[in-house]
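Dear colleague,

I am passing on the structure we spoke about, so that you can look through it beside these notes. Please open it first and then read on.

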Amino acid sequence: MKHEFAPASSDSHLNHVGSYRRRLPVSLDRMYENALDWQHLPHLHSSSFESINCESAGGWGWRATVTSGKGEALIVSELELCLDRDARRWITRNLSGPNAGVEIWTHVFVVADRVLDIVVDFFVPNVPVEAREKVGRAYARAYEVLYDEDVDMMTERQKQLDLRLDGVDESEVLGLSSQTLASLPAKVAMSGRSFVVDKLGTAESDDGAWVVYPAQCPHQLGPLDEMSMDRGTVRCPWHGYVFDVRTGECVSGSHCRLGRVPRVLESEGRVELRWL
Ligand code: FES
Ligand SMILES: [Fe+2]
């Protein structure tokens, strides 16, 4: 039986074409954070979005121009997402573009501390009755892909938040085995944190120098270790921030920087990480 959510602009010819439901292993905080996080669209969801240009954003939601597709098939749309915490829902509206008028309502139901049910309703203008089910299924398929990607991000971020320590044990020394050294880049654990150890390629100006950088991004703890280093830089897969691993600086325009890392010391055939 269909439930009776009414679209916001009931004077338009919006038709409820379908719904998408899913149980998610995440907290309400992670879910709201994800809804407000406009930056991740062209990075985490790169198969659905090409670029985003935010016009306005805050605790209320965001409004942005997004593109999808390429070349002649490029689609430009203005999207607005409004979060209503009291109603545990957010509404995404297509303000302009080929899907202008579409509204997507997402309701959240808290099942347990880190378990949510979401119900996403798709309202599309002027869809003939006989086409609604097909259009609804297409939206649901697209949302399945988006939520697959979002669940990975939300659960990994929660895991990293749970692991986070206030300080590091600076007395710890980590010897790198010949096996580790033979399979660079290597992810290592030290002082309760994870780091990537690598060497700059021979084309770099700092020819073959050691580099160590945190495995988690300083922005929202995205997995930098999943990405390959490219000419001394690494791009986070979640929001696309790029860091120079030699200096720790974000070179894509953000103010955050990589956290402190241990240094590689070589002596008498031993290679170790130490806090200096
Ligand atoms: S977590 Fe946002 S750019 Fe890395
Ligand atoms: Fe997302």
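A cavity here is a set of grid points where a 1.4 Å probe fits but cannot get out, and a residue counts as lining it if it has an atom within 4 Å of such a point. Please bear in mind that this is a predicted model.

With that in mind, the structure holds one cavity of 30 Å³ or more, and the volume of this largest cavity is about 50 Å³. Its lining is made up of Arg30, Glu33, Asn34, Asp37, Met153, Met154, Arg157 and Gln220, which divide into two nonpolar, two polar and four charged residues. Helix 1 (28-36) and helix 3 (129-163) each contribute at least two residues to that lining.

The other finding concerns the iron ion (ligand 2), whose protein donors are His40 (NE2), His45 (NE2) and, entered twice, Asp150 (OD), at 2.1 to 2.4 Å from the ion. Along the chain, these donors follow the spacing H-x4-H-x104-D. Because His40 lies in the loop between helix 1 and helix 2 (41-44) while Asp150 lies in helix 3, the pair ties together parts that are 110 residues apart in sequence.

Why is the arrangement around the iron ion (ligand 2) irregular? The four donor atoms subtend angles of 57 to 144°, whereas a tetrahedral assignment would need all angles to lie between 85 and 135 degrees.

As for burial, His40 counts as buried because its relative accessibility is 2%, and Asp150, at 5%, counts as buried as well, the cut-off being under 20%.

With best wishes

Methods:
Residues numbered from 1 in each chain as written. Chains lettered and ligands numbered in written order. Predicted model: local features only at pLDDT ≥ 70, side-chain atom pairs only at ≥ 80, totals over all residues. Heavy atoms only, no water. 1 Å grid on protein atoms, 1.4 Å probe; cavity = no way out; pocket = protein on both sides within 12 Å on 5 of 7 lines; lining within 4 Å. Points joined across faces, edges and corners; volume = space filled by probe spheres on them. Helix = DSSP H or I, 4+ residues; strand = E, 2+ residues; numbered from the N terminus. Nonpolar A, V, L, I, M, F, W, Y, C, P; charged D, E, K, R; others polar. Donors = N, O, S within 2.8 Å, 3.2 Å for Na, K, Ca; no water. Tetrahedral: all angles 85-135°; square planar, octahedral: opposite > 155°, others 65-115°. Buried < 20%, exposed > 50% of the residue type's maximum accessible area, 1.4 Å probe, protein only.
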